[in-house]
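Q: I'd like a close look at one part of this model: its nonpolar packing. Please also show me how that part sits alongside the rest.

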2 protein chains.
Amino acid sequence: MRVPNKRTGSRRLPWGISDDSSEMDAEAVLQVRSFNRTVAERIGAVNDRFLHQHRPMNEARLIWEIGLEGEELRTLRVRLGLDSGYLTRVMGSLAKQGLVRVRSARQDGRVRIAHLTKSGLRVRAELDRRSDELALHILDVLTEKQREQLTSAMGQVERLLEASMIYLATEDPTSTDAIWCFEQYFAELKSRFEDGFDPSRSISAEAQELVPPRGALVIARLRGQPVGCGAVKFGKKHVAELKRMWVCPTLRGLGVGRRVMNELERLASEANVHLVRLETNRTLKEAIRLYRGAGYVEVKAFNAEPYAHYWFEKKLERSSRFLKKNGRDS
Amino acid sequence: MRVPNKRTGSRRLPWGISDDSSEMDAEAVLQVRSFNRTVAERIGAVNDRFLHQHRPMNEARLIWEIGLEGEELRTLRVRLGLDSGYLTRVMGSLAKQGLVRVRSARQDGRVRIAHLTKSGLRVRAELDRRSDELALHILDVLTEKQREQLTSAMGQVERLLEASMIYLATEDPTSTDAIWCFEQYFAELKSRFEDGFDPSRSISAEAQELVPPRGALVIARLRGQPVGCGAVKFGKKHVAELKRMWVCPTLRGLGVGRRVMNELERLASEANVHLVRLETNRTLKEAIRLYRGAGYVEVKAFNAEPYAHYWFEKKLERSSRFLKKNGRDS
DNA sequence: TACGTTGTCTGACTACAGTCAGAGAATATA
DNA sequence: TATATTCTCTGACTGTAGTCAGACAACGTA
C-alpha cells in the first residue's frame, strides 16, 4: 500500500489545514485510535470469520468481484491488488470447486475472463445473504432511534474517512483519466448552465497549456479513481488563471475543491505568480462560495468568456510561509 | 468466535425491539453493509499493514498486551484467543529477538509471566507512535469542523456497536462475576442515596432466592466482561419483584437496562407471574424513567423497604405473544 | 517479418496463522 | 499418598497469503 507515500505527499502541501497537526486535539487522536482498535480491528476480524466461514478470504473476494456478468482476470488483479501468479492459483482452486469457469476473450486471445457457474452464483448469493444477516444482527438489538443514530453516524464516518483518503497529484492532461475528468466537468456545465455549454465557444485550455512550464493539472484520487481536478495556466506578468475546477458530485462538501485550489495556488506561487484569477458562471453557487471563502474578491471582467457572470482574483502572499513550510516538511 | 450463538441467543429474547427485524429499514441494512465493507475491511487492512509493518500481527498484539508491567501467559492466551502451543511459539520468537523475557511465577511454578525487555519496550513505544501517526494522518487533511464531526461520529458508532455486542444470560448468583456486579450496585447506591446505603438494612435478596424456581439473575456482558445485571424474585400469588437492576455507568443510555428488564419479565412470565413490582429510591432518576417508559405505574408502598421512595408495578400481558415468539424463534 | 509488450500460467519459494495430540512439571484435591 | 487438574511446552501437521523468476502465446508496431 502507498500509505507512507500518501502521507509524505500530503505533508508537503501547505493546505493551511495541516498547519496545526502538531497542536491537534489530543482527544481527537485518542478517539480515532480507539475507533481503529475497536471497529477496524475487532469488528473487522469478526466480520471476516462470520462472512467467509471456512472460505479463504481471497476466494470470497474473487467470487464477489467476478459478479453476475463475469470479469477479466487483469481487472480483478488490479482491483484486488493480487499477484498474477497468485490469482491464477486461487482462480484454479475456484475452478476445481466448480464455482467459476475461465475462458479466453474473443477480441484478444491473451485476456482471460472468469464467469461464475450456477453453484458459484449460489455461493455469491450466500455471501450476500450473510452480509445482510450480519447487518441485521447489529441492528437487531437497537431501538429505532439508536438505529437511526448508528446509520447516520456510520455514513458520516465513511464519508469523512474517504475524504481523508483522497490524495492529490500533478498529472498529465492527456491521460485517459484527465480526459475523463474534463468530460465530467463539461457535462456538468452543460447540464447546469441556463443555456447549456459548448466547449468550442468557451476560452480554451489546451493540454499543452496545462503542463510545465505553462501550467499544471492537479487530479484528486480516491482508491486510484479520479474524483476531482483543477488546472492552472501561468500567464504573463505573474498572473495565472484557474480552470476546470471539478469535484465528483458524491464527494462535495468534503473540502476536496479547497484542497485542489490550495495546491494549484501553491504551484502558481512556485512558478512566481503574484495574482490568480478565474471566472465563473452564476449557477455554480458552491464554487463561488469556495472562491469567496478562500479569499478571492470579485473584480470586473478581465476577459470575454461568454459563459461567465463573475470574475474573481486573489493576490498570493509571497511571504516566507510557503518556503518555510516546504523547507520544514520535505 | 461466538457470533452465531450470540445471534440465536438474542433472537430468543422477545425484547419487543427485534419484533420488526424482518421489516427493518432496508436502507439501514445497506448503510451498515457499506460501512462494514469500507471501514472494517478496507481501513482495517490498511491499518494492520501500516501499524505492524513487517511484524507478524500476533507478535505485535502480544507486545502490546504484555504491557509495561508484564502479563501471565494464560491471561494473554485467553485475551487474544490463541492456542497454547501457538502462543509458546510466538513467545519464543519474541524471546529470540530479545523483546521479551519469560519466567515462572513465584507463587505458582506452573504459570509463566512474560515481561518486555528494554528493546521490547522500545518496539511497543514505536507501535504506539505509529498508532498516533495513523490517527494524525487521518485527521490531517480535514478541516477543524470535519474533525469534530468525524470524532463525534466515531464515538457514536463505537458506542452503538458496543451496545449491539452486549448479550444477556441467566447466570449463577454466587459466581464471582455476579458478586462483582452486586458490589458495583451497592457501591453506587451508597454514593447516590442521600443518606448512604447499608445492605443489611435493606430487604434482602439472597443468592438462593435468585435461582430457579424461586427467581433468576440476568447478567449483561460485553466481550465476556459483566456490564450490567438485574434479578427477579418470584413470590406468591403470581407476583414477582425486580431487584438489583444495575448497568455499568459508561454504558448507560444504550437500552441495556431495558433489555435486562424485558428479559426478567420474560422469565417471570414463563414462571407464570401475572404482576411484577419493584421499589426504588428518588435519586435514581434514570431508573424511574426506565420503569415508567416500560409501562410500570406507581402504586402505594407494598413493603417497608427503608430506602424506597416509590413503588411501581406492571401487569404482565399473558397473551400468546411470548409463547408465539418463543415458538417461532427457537 | 522481427521485436517488444501484454496477459497468463507454472514452479519454487517463504512466512504466518492455526490445530491437534501428547509429554511433563507444579499444584490442588480426595 | 495417590490422583486429578492446571499450565506450559514440543512436535508434527494443514492451509492461506504472498513473492519472484521465467516460460509462453497472442497481440501491436516498426
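A: Let's start with burial: 32% of the 330 residues in chain A are buried (20 or more other C-beta atoms within 10 Å of a residue's own, with 12 or fewer counting as exposed, in between as partly exposed, and C-beta atoms placed from the backbone). The model is predicted, so local features need pLDDT of at least 70 and side-chain atom pairs count only at pLDDT 80 or more, while totals for chains, interfaces and linings use all residues. Residues are numbered from 1 along each chain as its sequence is written, with chains lettered from A and ligands numbered from 1 in the order in which they are written.

Chain A has eleven helices and ten strands (DSSP runs numbered from the N terminus, H or I of at least four residues for helices and E of at least two for strands).

Now to the packing itself. In soluble globular proteins, nonpolar side chains tend to be buried together. Here the largest nonpolar core holds 117 residues, and A:Val157, A:Val232, B:Val157 and B:Val232 have the most contacts inside it. Such a core is a set of buried Ala, Val, Leu, Ile, Met, Phe, Trp, Tyr and Cys residues joined through C-beta atoms within 7 Å. Helix H2 (residues 26-52) of chain A brings the largest share of this core, eight residues. Another core, of 13 residues, lies apart from it and includes B:Ile66, B:Leu76, B:Met91 and B:Leu99.

For a single residue, take B:Val232: leaving out residues up to four places away in sequence, its contacts include B:Gly215, B:Ala240, B:Leu264 and B:Ala268 (contact means C-beta atoms, placed from the backbone, within 7 Å).

Next, the two chains. Chain A and chain B each put 56 residues into their contact. On chain A's side, helix H1 (3-11), H2, helix H6 (118-140) and helix H7 (144-165) each supply at least two residues, and H2(A) gives the most, with 18 residues. By class, that side has 28 nonpolar, 19 polar and nine charged residues; Ala, Val, Leu, Ile, Met, Phe, Trp, Tyr, Cys and Pro count as nonpolar, Asp, Glu, Lys and Arg as charged, and the others, Gly among them, as polar.

Finally, a turn of 180° and a shift of 0.1 Å along the axis lay chain A on chain B with an RMSD of 0.2 Å (least squares on C-alpha atoms of residues with pLDDT of at least 70 in both copies). The two copies are therefore related as by a two-fold rotation axis.

Note on methods: Two residues are in contact if their C-beta atoms, placed from the backbone, lie within 7 Å.
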